[in-house]
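Reader: I would like a close look at one part of this assembly. Please take me through how the chains meet.

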Amino acid sequence: MAYPIKSTPRSCFVLLLCTVFLGGALPAQTGEVALSEESSACLTCHESMHPGIVEDWRMSRHSMTTPSAALALPALERRVSSATIPPRLKPVAVGCFECHGQNPGKHPDTFDHFGYAVHVVVTPDDCATCHGTEWEEYRVSKMANAHDNLEMNPVYHTLVNAVDGVITPEGDALTQRPATDNTKSETCLACHGTTVKVRGKKTIDTEQGEIEIPDLTNWPNQGVGRINPDGTKGACTSCHPRHQFSIEVARKPYTCAQCHLEPDVPAWEVFRESKHGNIVLSSSGDIDWNAVPWVVGRDFRAPSCATCHSSLLARPDGDVLAPRTHDFGSRLWVRLFSLPYSHPQPKSGKTYEIKNADGLPLPTTFTGQPASEYLIDRAEGAKRLNAMKAICGACHSSDWTSNHFKRLDGAIATADSMILSSTLLMKKGWDSGLADPSNPFDEALERKWVEQWVFYGNSIKYAAAMIGQDYAAFKNGWWKMSKGLHDLHESILMKGKK
Amino acid sequence: MAYPIKSTPRSCFVLLLCTVFLGGALPAQTGEVALSEESSACLTCHESMHPGIVEDWRMSRHSMTTPSAALALPALERRVSSATIPPRLKPVAVGCFECHGQNPGKHPDTFDHFGYAVHVVVTPDDCATCHGTEWEEYRVSKMANAHDNLEMNPVYHTLVNAVDGVITPEGDALTQRPATDNTKSETCLACHGTTVKVRGKKTIDTEQGEIEIPDLTNWPNQGVGRINPDGTKGACTSCHPRHQFSIEVARKPYTCAQCHLEPDVPAWEVFRESKHGNIVLSSSGDIDWNAVPWVVGRDFRAPSCATCHSSLLARPDGDVLAPRTHDFGSRLWVRLFSLPYSHPQPKSGKTYEIKNADGLPLPTTFTGQPASEYLIDRAEGAKRLNAMKAICGACHSSDWTSNHFKRLDGAIATADSMILSSTLLMKKGWDSGLADPSNPFDEALERKWVEQWVFYGNSIKYAAAMIGQDYAAFKNGWWKMSKGLHDLHESILMKGKK
Amino acid sequence: MAYPIKSTPRSCFVLLLCTVFLGGALPAQTGEVALSEESSACLTCHESMHPGIVEDWRMSRHSMTTPSAALALPALERRVSSATIPPRLKPVAVGCFECHGQNPGKHPDTFDHFGYAVHVVVTPDDCATCHGTEWEEYRVSKMANAHDNLEMNPVYHTLVNAVDGVITPEGDALTQRPATDNTKSETCLACHGTTVKVRGKKTIDTEQGEIEIPDLTNWPNQGVGRINPDGTKGACTSCHPRHQFSIEVARKPYTCAQCHLEPDVPAWEVFRESKHGNIVLSSSGDIDWNAVPWVVGRDFRAPSCATCHSSLLARPDGDVLAPRTHDFGSRLWVRLFSLPYSHPQPKSGKTYEIKNADGLPLPTTFTGQPASEYLIDRAEGAKRLNAMKAICGACHSSDWTSNHFKRLDGAIATADSMILSSTLLMKKGWDSGLADPSNPFDEALERKWVEQWVFYGNSIKYAAAMIGQDYAAFKNGWWKMSKGLHDLHESILMKGKK
């Protein structure tokens with residue numbers, strides 16, 4: 001190990017010595033699976049200090065198998081994807097040190113911890129040691145780039161500041177300050193990811209005496225696009241939480257519901273209301289949430305979010321129905337999300353690179369023209385739609401599926417025409433001085449307009465995609481959309497007439 | 001079979017021949033239960049094409065028993081109710097063909113499918129072959145008539161168009177187009193049911209080559225009042241979803257939560273917040289969701305929606321506490337739903353036939369006079385209330401129950417008086433030209449008024465009925481109701497005074 | 001028994017005689033646990049009359065153990081806390097009569113019921129016979145005083161009447177009546193607790209003939225601060241519902257979700273969205289919800305509400321991580337709830353005794369000055385924060401925990417500065433006559449201001465405390481808060497300028 005070892009405080013040192021003398025025999029075994037000497041040493045202290053995460057890990061597959069055993073499974077059943085796993089890792093369980101001590105030289109937050117070089121923030125690069133394909137998929141996704149897609153897009157940045165900045169009345173006007181890192185980490189960046197950097201070291205007082213640890217900015221955070229100290233983007237723990245790294249948890253809809261919530265992204269609520277959601281929630285105990293591949297019919301009879309958007313699916317005869325993907329938009333042809341209109345999925349996960357015909361970093365113009373060169377073409381869209389239809393086809397007739405997606409097209413078109421009507425009214429408001437377009441997201445009137453697309457447009461479209469009708473009707477759907485349009489109309493064009 | 005048999009494409013034909021030669025031996029048996037030759041033939045292809053629904057069916061009671069066995073059970077335990085089940089059905093499992101091949105002559109969507117006359121849309125009439133009593137109950141309910149109750153009522157029709165139609169600004173005015181079938185099928189009719197008709201035939205390309213199938217309008221849909229090609233109304237799969245037709249799923253609250261959601265019908269949210277909901281969700285694993293009859297105490301200790309509104313309930317000694325009903329309003333005396341006021345339950349499930357004293361198809365006038373000749377009388381109401389009290393009485397003292405319903409009466413009366421205040425203000429708004437009463441549901445001011453009854457009135461009343469207090473208080477309850485009244489007051493009477 | 005025995009109606013009398021002659025042998029035993037003669041007599045009738053609650057009780061620990069056995073457990077595993085339990089109770093199960101016949105002389109609702117002196121409303125004083133420590137903790141809590149904290153605080157009382165009173169338009173004005181007991185018991189007091197008093201006796205007709213029972217006001221109710229006929233405050237059944245009195249149910253988040261809901265107290269929604277909530281809901285079956293002590297790691301890997309706020313927690317080595325408390329605020333240093341600002345926890349559970357610098361019974365002034373003499377000091381706050389950090393520390397590093405709470409401090413400060421901005425605008429509105437401050441909670445403009453703190457301020461703070469980011473962002477969080485501020489600004493300062 002190239003990393004310099006510093007002196008260790010006493011109390012833990014004694015325990016470590018014992019561990020070394022006893023050959024790591026104490027907690028070195030979990031079932032029949034060997035644990036590395038380093039991870040055994042971690043447990044010496046952390047087992048009693050942090051029983052919650054240690055036991056969480058003990059319940060994990062990581063603690064119960066080894067990379068060697070994982071690689072020995074038939075290809076379709078494998079949960080590891082890297083062609084080359086370092087030989088030293090292969091025969092032991094995936095313990096604390098196998099992750100927190102991985103790639104020490106790459107991590108600016110590596111520090112000496114009682115003689116071991118460990119880092120705080122385990123990154124996708126570490127996970128890629130065994131799960132390389134997943135990382136290759138994820139790194140190009142919109143999710144991995146979620147932080148940059150928000151913070152490096154000046155339009156969204158304006159929105160973030162308008163929403164999250166402290167406002168103070170000064171005389172008859174309002175003064176708006178930019179959003180603080182603290183507020184952003186509690187709101188947008190809790191999902192999109194913060195920027196975690198090492199700003200130095202600090203000494204903290206623990207049960208084992210004073211220890212020196214890296215001083216990290218904007219930490220803790222598990223946002224999907226977290227900027228890590230090693231420069232990577234993302235946090236696998238966003239969806240595989242804590243130390244169990246469970247496939248089961250990631251496949252359950254509660255995981256996606258950490259971020260994909262109404263009013264802006266009502267995926268959870270729409271799913272919960274849908275027939276799919278009803279069956280999944282009513283019959284969760286009948287579903288094998290852990291099976292790899294996930295066999296439709298045998299393991300489950302109705303899909304959760306992961307089924308359609310990520311998991312490796314097979315038919316009972318073993319045929320692959322859909323390969324696994326961790327680029328979660330890659331199975332989708334249309335991007336429902338109204339910005340301010342729906343549009344074909346972006347070619348690249350870095351959506352801040354998009355420029356529309358008005359020169360703005362948005363996938364459509366305010367009047368609906370798509371920034372086509374940055375978006376997938378018809379052929380790619382058709383290919384993806386057909387792949388999704390194949391998944392639906394495991395339970396639905398081709399006519400059913402085909403009609404469903406035609407209806408979705410209709411829903412998108414009508415919702416977008418309502419957004420266009422709203423935007424045309426808003427433009428009159430700007431033209432007549434009722435609002436100031438220099439920041440299009442701050443004033444009360446502008447907020448009504450934004451809600452038309454970010455709340456009600458999205459709600460109608462998500463509801464149509466997954467059949468959660470209330471979200472297309474009275475709950476943030478057409479009721480609110482048409483009411484909002486009348487509101488805008490009366491505020492902008494009827495002003496003073498009644 | 002009278003239905004003409006056409007030539008079958010080759011690939012499947014070979015499989016069918018095998019099936020016939022092997023005497024249907026291949027997948028003809030599920031456990032010890034025989035499967036018909038026709039259903040065996042279905043499985044030949046569909047087992048690999050649609051493993052999701054085939055396995056769903058395999059987990060169903062339909063696949064594991066026969067009508068003969070079902071009829072042999074003691075009366076109270078029976079899940080079939082028809083006195084006469086055709087002899088050919090009795091000895092075999094209820095497989096694909098037993099439903100999709102039932103009553104071929106009655107179904108305009110019957111088509112030749114590789115030699116078998118099958119129809120796409122299985123209707124309540126088909127289910128009634130074995131479940132006749134349930135269909136007799138259901139067909140007269142408000143639910144079975146849900147499509148017509150919306151579409152054949154000109155008042156509601158105006159509301160649907162005002163909410164769901166695309167609106168375009170033209171000059172200084174707004175132009176409202178009628179709601180499209182597509183939008184209605186994503187919103188109102190997703191719950192109420194679409195009109196499914198055969199408009200012809202179409203050829204589709206499948207793994208087995210081109211096949212000809214009926215071309216259906218507004219399909220798919222599982223709305224409770226769906227108008228089927230055979231003229232029947234309803235879809236049993238609304239609540240017994242997909243091919244498991246499970247009692248368990250229908251009894252769980254997630255099923256009702258497919259449609260009965262806030263802000264207009266907050267049954268799910270109120271239940272979830274209530275003590276009943278807390279116990280059911282906390283102890284779901286301790287409940288026998290499948291038992292028939294459903295024995296209070298033995299099978300469950302707290303009710304889900306189905307307990308009070310539908311299921312056959314018995315005491316541990318076998319006495320019937322409540323007979324099963326699929327006319328879901330028939331156990332209720334008062335209809336909480338504000339139109340614009342609560343009122344006694346309608347006599348007939350066809351609510352579009354109602355005419356109030358103002359000649360409108362609404363159960364009350366705008367000032368609250370009930371259309372009494374269309375509504376159940378006091379004696380019938382008292383009978384139903386007493387029957388419900390008997391259900392409550394399995395867990396609550398008669399004093400408790402009696403006080404609860406007295407309190408509900410008070411909640412209805414006060415909420416209705418707030419609706420009346422709102423309506424009196426709205427009337428002044430119409431009289432003074434602030435809104436145009438020719439369509440009372442479109443303008444911003446009118447929307448505020450509608451929310452007073454459809455959102456806040458309903459929320460207060462549902463909360464009182466099932467004790468989900470937040471929905472009577474800050475969440476769509478009194479907070480919103482009194483705030484809305486002040487809003488209306490200031491918009492209509494204080495205009496320009498401040 | 002000192003209570004006078006009256007004559008009993010016949011039908012039940014015969015059954016009682018049988019019971020007495022048979023030595024209570026019939027239902028006197030549950031498993032091997034003896035049942036008192038009195039409780040056996042109760043079951044004689046109530047087993048068939050109310051099978052739901054009797055079976056609920058049969059599934060309870062109360063029916064399966066005795067106080068003697070409960071006292072024999074090691075101290076940490078004990079679920080009873082009273083030093084002295086009356087000898088007559090010790091050898092028998094805790095049956096109907098052990099609670100409903102406890103302390104007969106203290107209960108004004110004690111009545112003769114077929115020869116037994118029983119009371120309807122079992123109170124914390126009865127429960128304290130075995131669970132004395134829990135009652136000592138609870139009685140001084142804000143929860144036990146929840147009724148008085150609302151009804152004896154004139155400011156809140158004004159709010160309740162403004163929200164819950166029926167409003168009638170009279171001429172051009174609105175007339176506001178005070179909220180009725182009926183409405184309050186359906187809204188605020190459903191959680192806070194009603195006042196249950198004996199107003200006399202009444203005769204009711206039952207299966208066993210006419211019986212005389214106490215006539216109770218505002219009954220039923222299980223609010224946390226219910227004023228009981230015996231003068232005690234609270235209802236243990238608020239959280240340990242019905243007759244199972246389950247620790248499991250009380251620990252599950254659905255129990256807290258009976259009252260702690262958005263928009264005013266979004267604890268449930270924020271928890272559900274959080275990583276804690278995701279893991280708990282995804283892995284509920286892996287949690288031992290009944291263990292005492294509740295051992296982190298062994299029994300659970302992620303916390304529910306009870307974990308952090310109430311339960312007795314231990315490490316796997318048996319060390320106590322947190323002693324049990326039924327004073328639910330006592331582990332908290334800051335009170336997030338905006339009144340109108342966050343503030344240190346009150347010293348006393350009787351918050352109506354607080355007087356701020358403006359003489360109002362609020363913990364802060366309208367401009368944010370805390371009523372410090374009524375609130376815990378820094379030292380006490382630091383002690384509590386450290387105790388909470390110790391709980392977090394069972395799963396999280398000290399740096400993680402420390403950063404989390406620093407971030408929470410920031411979230412509170414920024415949210416409170418937004419509330420201050422809103423209040424300064426509202427003050428201008430009052431000063432300029434746009435609203436009448438004599439009742440600061442009724443008019444439309446004032447409602448917008450109240451929502452800034454009661455809805456959006458709380459949402460941001462709860463979201464920060466438990467990491468449910470959407471509730472700090474688009475859902476009742478910063479989006480609504482900054483939008484509301486612009487709304488107030490335009491209504492108050494821009495009036496007529498655009």
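How much area do chain A and chain C bury between them, and what share of it is on carbon and sulfur atoms?

Author: This is a predicted model, so every value here is computed from its coordinates. Chain A and chain C bury about 5500 Å² between them. Carbon and sulfur atoms carry 56% of that area. On the residue level, 69 residues of chain A are in contact with 59 residues of chain C.

Now the polar side of this interface. Three salt bridges are found across the interface of chain A and chain C. One of them joins Lys202(A) to Asp399(C). The closest N and O atoms of Lys202(A) and Asp399(C) lie 2.6 Å apart. Polar contacts between chain A and chain C come to 28 residue pairs, with both residues at pLDDT 80 or more.

Which element of chain A does the most here? Helix α20 of chain A, residues 444–466, gives the most to the side that touches chain C. Its share is six residues. By class, the side of chain A that touches chain C holds 33 nonpolar residues. The polar residues on that side number 18, and the charged residues number 18.

Next, the symmetry. A turn of 120° with a shift of 0.0 Å along the axis lays chain A on chain C, with an RMSD of 0.0 Å. That is why the two chains are related as by a three-fold axis. The copies use different surfaces in this contact. Just 1% of the contact residues of chain A recur in chain C.

Chain A also touches chain B. That contact takes 59 residues from chain A and 69 residues from chain B. The buried area between chain A and chain B is about 5600 Å². Carbon and sulfur atoms give 56% of it.

Between chain A and chain B there are three salt bridges. In one of them, the side chain of Lys483(A) meets that of Glu451(B), at 3.1 Å from N to O. Polar contacts between chain A and chain B link 28 residue pairs, both residues at pLDDT 80 or more.

Four elements of chain A give two or more residues each to the side that touches chain B: α15 (267–273), α16 (275–282), α19 (398–431) and α21 (478–492). Of the elements, α19(A) gives the most to that side, with 17 residues. The side of chain A that touches chain B has 22 nonpolar, 19 polar and 18 charged residues.

Methods:
Residues numbered from 1 in each chain as written. Chains lettered and ligands numbered in written order. Predicted model: local features only at pLDDT ≥ 70, side-chain atom pairs only at ≥ 80, totals over all residues. Heavy atoms only, no water. Contact = heavy atoms within 4.5 Å. Buried area = accessible area lost by both parts, 1.4 Å probe. Salt bridge = Lys/Arg side-chain N within 4 Å of Asp/Glu carboxyl O. Polar contact = N/O pair within 3.5 Å; in protein donor to acceptor, adjacent residues only side chain to side chain. Nonpolar A, V, L, I, M, F, W, Y, C, P; charged D, E, K, R; others polar. Least-squares fit on C-alpha atoms with pLDDT ≥ 70 in both.
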